[in-house]
Amino acid sequence: KDSRSIRGYMEDGGYKALKTVLTGGWTPEKVTEEVKTSGLRGRGGAGFPTGVKWGFVPKDTKGKPVYLLCNADESEPGTFKDRLLIEEDPHQLIEGIILSAYALKCRTAYIYIRGEFYLGARVLDAALEEARQQGFLGENILGSGYSLDLWVHRGAGAYICGEETGLIESLEGKRGQPRIKPPFPAVSGVFAAPTIVNNVETLACVVHIINRGSEWFLKIGRNEKNSGPKLYCISGAVNRPGVYEAPMGLQMKELIYGDAYAQGMKGGRKVKAVIPGGASAAMLTPAEIEDCPLDFDGLAAKKSMLGSAAIIVMDEDTCIVN
């Protein structure tokens, strides 16, 4: 109840992590180190270690500002976890962005949201206004001397803008198409300045890492390389499709058949194939899902990938060609 409002969020401990960092003497380097120690890997598809990515920003930026871009262009078929966070818990995302921006010594950040997410854009704009009124955004946040501007930028419906350099081109007002790398965005990204692009779910995780500590985060999940909680999207021929939170490395069969999750196949039919990580991930056969941990390394071992954790289940009556 009241999950979208700042009051509801703060009653549940919201913005406590921000106060801990900005008034508790945390340096940007300490925040980065905590995220690095947690083993948090990007939740948008590639699974690159988040703290390591932050470390790619040059120590000397030659007078250029550093930008943080939140990738909310959730266009991968079967993926709807970020939309849920944006529409129902916007302040968790905003707090995660502020913490991450502080770690990067960034003073301007953008949320690049998929053009079709009209409701999400409205929810975020309202939440940003609430955060500004409470003094969590703008000049001299919580009297710390740190300032941050955060803006929502709506895309225009191009799938390719989910790729980070395509997103950067679009944010600059150009046609959304990928750039040739190098240079990499951490060195020369948006407006030719050092830029970090992180996914919605990734940034939301930062709040909990600061609140509970990297050791807590590491204890969740299959191992230290696949740590933390994960949002799994499951759709297709199952009884209860939806978004489910579970420790990283949840068994695919548990997600499909477990009472706490999708509760089995519709009409008791058999599995024919499963797409584990969005349309660009290789399909798995019934035999391959028998022992299949849903994490980065577990799916790589099956020659597929976790990607955006968009699990699409097809039954025996599905025509794969169609």
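A charge sits over a ring if NZ of Lys or CZ of Arg is within 6 Å of the ring centre and within 35 degrees of the ring normal. The model is predicted: local features need pLDDT of at least 70, side-chain atom pairs count only at pLDDT 80 or more, and totals for chains, interfaces and linings use all residues. Residues are numbered from 1 along each chain as its sequence is written, and side-chain values use heavy atoms, without hydrogens and water.

**Exercise 1.** Find the ring under the charged end of lysine 30.

Solution. Go to tryptophan 26. The charged end of lysine 30 lies over that ring, 4.2 Å from its centre.

**Exercise 2.** Classify the aromatic pair of tyrosine 9 and tyrosine 15.

Solution. Start with the rule: rings of Phe, Tyr and Trp (its six-membered ring) pair if their centres lie within 6.5 Å; planes under 30 degrees apart are stacked, over 60 edge-to-face, the rest tilted. The structure holds 8 such pairs. For tyrosine 9 and tyrosine 15, the centres are 5.3 Å apart and the planes 85° apart, an edge-to-face pair. Phe136 joins Tyr9 and Tyr15 in one aromatic cluster.

**Exercise 3.** Decide whether tyrosine 15 is buried or exposed, and place it in a core.

Solution. Apply the cut-offs: buried is under 20% relative accessible area, exposed over 50%, partly exposed in between (1.4 Å probe, protein chains only). Tyrosine 15 has 0%, so it is buried. Next, a nonpolar core is a set of buried Ala, Val, Leu, Ile, Met, Phe, Trp, Tyr and Cys residues joined through side-chain atoms within 4.5 Å. The largest has 57 residues, and Tyr15 is among those with the most contacts inside it. A second, separate core of 26 residues includes Tyr232 and Cys292.
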